[in-house]
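Here are a few exercises to work through with the structure open beside you. Try each task before you read its solution.

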Amino acid sequence: MTKPNLQIALDQNTLADAVRIAHLAGSIVDIVEVGTILELQAGQDAIRVLRAMFPDKIIASDTKCADAGSTVAQNSKDAGADLMTVIDSATIATMKSAKTVLNGIQVELYSAWNWDLAEKWREIGIEQVIYHQSRDALLAGEIWGKKDLDIVKKFIDMGFKVSVTGGLNLDTIKLFKDVPVYTFIAGRAITGQADPALAAQKFQDEIKKYWS
């Protein structure tokens, strides 16, 4: 089974802080994400800077696009992004529009999706979804469990590449053993640590325990 990617979510309030962390941990991860908070603060410059830092890495633009799909996708692509998120409540037209510009469109799942919509996403060529435990849900006490695994597995059975995110830590990884996850996305579990490089390496080592 193919080893899942490890993605670092850079959601710092300043580009300087994000660059500092990326300098430490970026070479260890597989995908570098310009998080929504960072992109709102620093705009497309954040993508350009990280692309310059990591010319051979996959760069993700976490816009959570809800409208103007082709315009937002073009801006992300021009700045150097390979992947861009659209929120699950975006219309099919918005997703389709974004997909005409940037092939790597990821639908981030919150509460507006259903299985009929997921079928429509596949019909228009969307290949990736991000199963997301939101920060607010985690603060409310929700934890990863069988319900989440069942949803992830069903999306994979439908033909999606599925990334998972939201409060991931080292103990979460083993829950997905034998599940062909596409990417594990970690934010504060890497960026909030005293040694982000060590934290990223521990994630990679943990993933390699269960996937070769």
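**Exercise 1. Around strand E8**

Which residue stands opposite Thr183 in E8? Then work out how E8 is joined to its neighbours and where its side chains point.

Step 1. Remember that you are looking at a predicted model. Find Thr183 in E8 and look across: Ser163 stands opposite.

Step 2. Widen the view to the whole pair. Strand E7, residues 161-165, runs parallel to E8, and three bridges join them.

Step 3. Now turn to E1. E1 and E8 also pair in the parallel sense, over four bridges, and Gln7 stands opposite Ile185 in E8.

Step 4. Check the side chains. A general rule helps: in a regular strand, side chains alternate between the two faces of the sheet. In E8, Thr183 and Ile185 point one way while Phe184 and Ala186 point the other way, and all are buried.

**Exercise 2. Closing the barrel**

In what order do the eight strands close into a barrel? Follow two of the other pairings as well.

Step 1. Trace the strands round: the order is E1-E2-E3-E4-E5-E6-E7-E8, with parallel pairing. From one strand to the next, the twist averages 25 degrees.

Step 2. Pick out E3 (residues 58-65) and E4 (residues 83-87), which run parallel and are joined by three bridges. Here Ala60 stands opposite Leu83 in E4.

Step 3. Move on to E5 (residues 104-109), which runs parallel to E6 and is joined to it by four bridges. Val107 has Val129 in E6 as its bridge partner.

**Exercise 3. Strand E6**

Why is strand E6 described as largely enclosed by the rest of the structure?

Step 1. Apply the cut-off: a residue is buried when its relative accessible area is under 20%.

Step 2. Count along residues 128-132. Five of the five residues of E6 are buried, so the strand is largely enclosed by the rest of the structure.

Step 3. Sort them by direction: Gln128, Ile130 and His132 point one way, Val129 and Tyr131 the other way.

**Exercise 4. Helix H11**

Which strands does helix H11 lie across, and does its length agree with its number of residues or disagree?

Step 1. Locate H11 at residues 196-210. H11 lies across E1 (5-10) and E8 (183-186), running at about 155 degrees to E1.

Step 2. Test the length. At 1.5 Å a residue, the 15 residues of H11 should span 21 Å, and the end C-alpha atoms are 22 Å apart, which agrees.

Step 3. List buried positions. Among them are Pro196, Ala199, Phe203 and Ile207.

Step 4. See what these buried residues of H11 pack against: E1, helix H1 (15-25), helix H9 (170-173), E8 and helix H10 (188-191).

**Exercise 5. A helix crossing**

How do the axes of H6 and H8 cross, and which residues make the contact?

Step 1. The axes of H6 (residues 115-123) and H8 (residues 146-157) come within 11 Å and cross at roughly 35 degrees. H6 passes H8 in a right-handed crossing.

Step 2. Trp115, Ala118 and Trp121 of H6 make the contact with Ile151, Lys154 and Phe155 of H8. These residues divide into five nonpolar, no polar and one charged.

**Exercise 6. Ala52**

Is Ala52 buried or exposed?

Step 1. Find Ala52 in helix H3, residues 44-53.

Step 2. Compare the value with the cut-off, which is over 50% for exposed. At 61% relative accessibility, Ala52 counts as exposed.

How values were computed. Residues numbered from 1 in each chain as written. Predicted model: local features only at pLDDT ≥ 70, side-chain atom pairs only at ≥ 80, totals over all residues. Heavy atoms only, no water. Pairing = 2+ DSSP bridges. Helix = DSSP H or I, 4+ residues; strand = E, 2+ residues; numbered from the N terminus. Axes fitted to C-alpha atoms, helices over the stretch in contact; angles between N-to-C directions. Contact = heavy atoms within 4.5 Å. Expected span 1.5 Å × (residues − 1). Buried < 20%, exposed > 50% of the residue type's maximum accessible area, 1.4 Å probe, protein only. Left-handed = near helix turned anticlockwise from the far one by under 90°. Nonpolar A, V, L, I, M, F, W, Y, C, P; charged D, E, K, R; others polar.
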